[in-house]
Amino acid sequence: MNGVHDMGGMHGMGAVTPEPEGIAFHHAWEGRVHALNLASPTRGNIDAGRHRIELMPPADYLRLSYYEKWLARVEQLLLEAGYITADELASGRAAPGAPKGTPVRPAASVPAALTGPYSYVRDVPPAAFAVGDRVRARVMNPTGHTRLPRYVRGRVGVIEGLHGGHVFPDRHAHGEGEDPHHLYCVRFEARELWGPDAPARDSVRLDLWEPYLERA
């Protein structure tokens, strides 16, 4: 969807401050939020989780830090799925007399949830494009989730690599099945994206699903 989260190619967002390698969290609570998201019973659909962050009010999205967004996301997903109530969220405690059912993720399964890999690779029919093909990113303005950034729509690039079939986020985020498609690495020249004032030697590489592309 189009929203404030889609910042690619935008000016005025402030300087990017590089950080030393190996710093995963700035505060202890960030690590706990990360673990909560990975161990949550709502974890199964990463695309729905990304879309939940996109649905945040723009002022909140710009104000909150990275892991504050993660916390807001898991709170809303748990509320929507009925795992907690608004009163329980506000108090931080289970409601008195609330049924204590079997946990969706037993304690013994949490380490695996935090460290185990999960693949979105799927089998798909032969690819429509090959390395070296010129393609154009489609001009589209979806109201739902998409991984096609606005700044590349309508621009021409070249296929540099094929990643095989992957779950299609535009459908998966909304509970419409996995609908897997080929995923490509596409190179776009900077001047194609931002005009003649962009450095001639610069380029951007994006991983884009087949439905996002058409032959140029």
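In this predicted model, Val 135 of β2 has Arg 215 as its bridge partner in β6. That pair belongs to an antiparallel arrangement in which three bridges join β2 to strand β6, residues 213-215. Val 135 also takes part in a second pairing, with Gly 157 as its bridge partner in β3. Here too the strands run in the antiparallel sense, and β2 and β3 are paired over three bridges. Another of the residues of β2, Arg 136, has Val 156 as its bridge partner in β3. The two faces of β2 can be told apart by their cover: Val 135 and Ala 137 form the covered face, while Arg 134 and Arg 136 make up the uncovered one.

From β2 the description can follow β3 to its other partners. Strand β3 pairs with β4 in the antiparallel sense over six bridges, and within this pairing Leu 162 stands opposite Tyr 184 of β4. Strand β1, residues 121-122, is likewise antiparallel to β3, with two bridges between them. In that case Val 121 finds its bridge partner in His 166 of β3.

These strands sit within a protein of eight helices and six strands. In sequence order, the elements follow the pattern α-α-α-α-α-α-β-β-β-α-β-α-β-β. The C-alpha trace spans about 65 × 45 × 35 Å along its principal axes. Of the 216 residues in the protein, 33% are buried. Among contacts with a separation of 6 or more, 68% are between residues 24 or more positions apart.

The nonpolar interior comes next. The largest nonpolar core has 19 residues, of which Val 152, Val 186, Leu 208 and Leu 213 touch the most other members. Strands β2 (134-137), β4 (181-189) and β5 each supply at least two residues of this core. For Val 152, the contacts beyond its neighbours within four places in sequence are Ala 137, Phe 188, Leu 193 and Leu 206. Ala 137 thus links two parts of this account, as it is in contact with Val 152 and lies on the covered face of β2. A second core, separate from the one just described, has seven residues, including Val 33, Tyr 61, Tyr 67 and Trp 70.

A pocket analysis adds a further view of the model. The largest pocket has a volume of about 1300 Å³. It is lined by 47 residues, and those closest to its centre are Ile 46, Asp 47, Arg 50, Arg 73 and Arg 147. The elements that give two or more residues to this lining are α1 (28-39), α2 (46-54), α4 (66-81) and β5 (203-209). Sorted by class, the lining holds 23 nonpolar, 13 polar and 11 charged residues. Strand β5 therefore appears in two settings, and a reader following the structure will meet β5 both in the lining of the largest pocket and among the strands that supply the largest nonpolar core.Three single residues complete the picture. Ala 39 is in helix α1, and its relative accessible area of 18% falls under the 20% limit, so Ala 39 counts as buried. The C-alpha atom of Ala 39 is separated by 8.4 Å from that of Pro 111, although the two residues are 72 residues apart along the chain.

Pro 142 lies in the loop between β2 and β3 (156-166). Not counting residues up to four places away in sequence, Pro 142 touches Met 1, Asn 2 and Arg 153. The C-alpha atoms of Pro 142 and Asp 170 are separated by 9.0 Å, with these positions 28 residues apart along the chain.

Asp 179 is placed in the loop between α7 (169-172) and β4. Although Asp 179 is not a glycine, this residue has a positive phi of about 40°. With a relative accessible area of 32%, Asp 179 lies between the 20% and 50% limits and so is partly exposed.

How values were computed: Residues are numbered from 1 along each chain as its sequence is written. This is a predicted model: local features need pLDDT of at least 70, side-chain atom pairs count only at pLDDT 80 or more; totals for chains, interfaces and linings use all residues. Side-chain values use heavy atoms; hydrogens and water are left out. On a 1 Å grid over the protein atoms alone, a cavity is a set of points where a 1.4 Å probe fits but cannot get out, and a pocket is an open set with protein on both sides within 12 Å along at least five of seven lines; lining residues have an atom within 4 Å of a point. Grid points are joined across faces, edges and corners, and a volume is the space filled by probe spheres set on the points. Helices (H or I, at least four residues) and strands (E, at least two) are DSSP runs, numbered from the N terminus. Ala, Val, Leu, Ile, Met, Phe, Trp, Tyr, Cys and Pro count as nonpolar, Asp, Glu, Lys and Arg as charged, and the others, Gly among them, as polar. A nonpolar core is a set of buried Ala, Val, Leu, Ile, Met, Phe, Trp, Tyr and Cys residues joined through side-chain atoms within 4.5 Å. Buried means under 20% relative accessible area, exposed over 50%, partly exposed in between (1.4 Å probe, protein chains only). Contact means heavy atoms within 4.5 Å. Two strands pair if DSSP finds at least two bridges between them.
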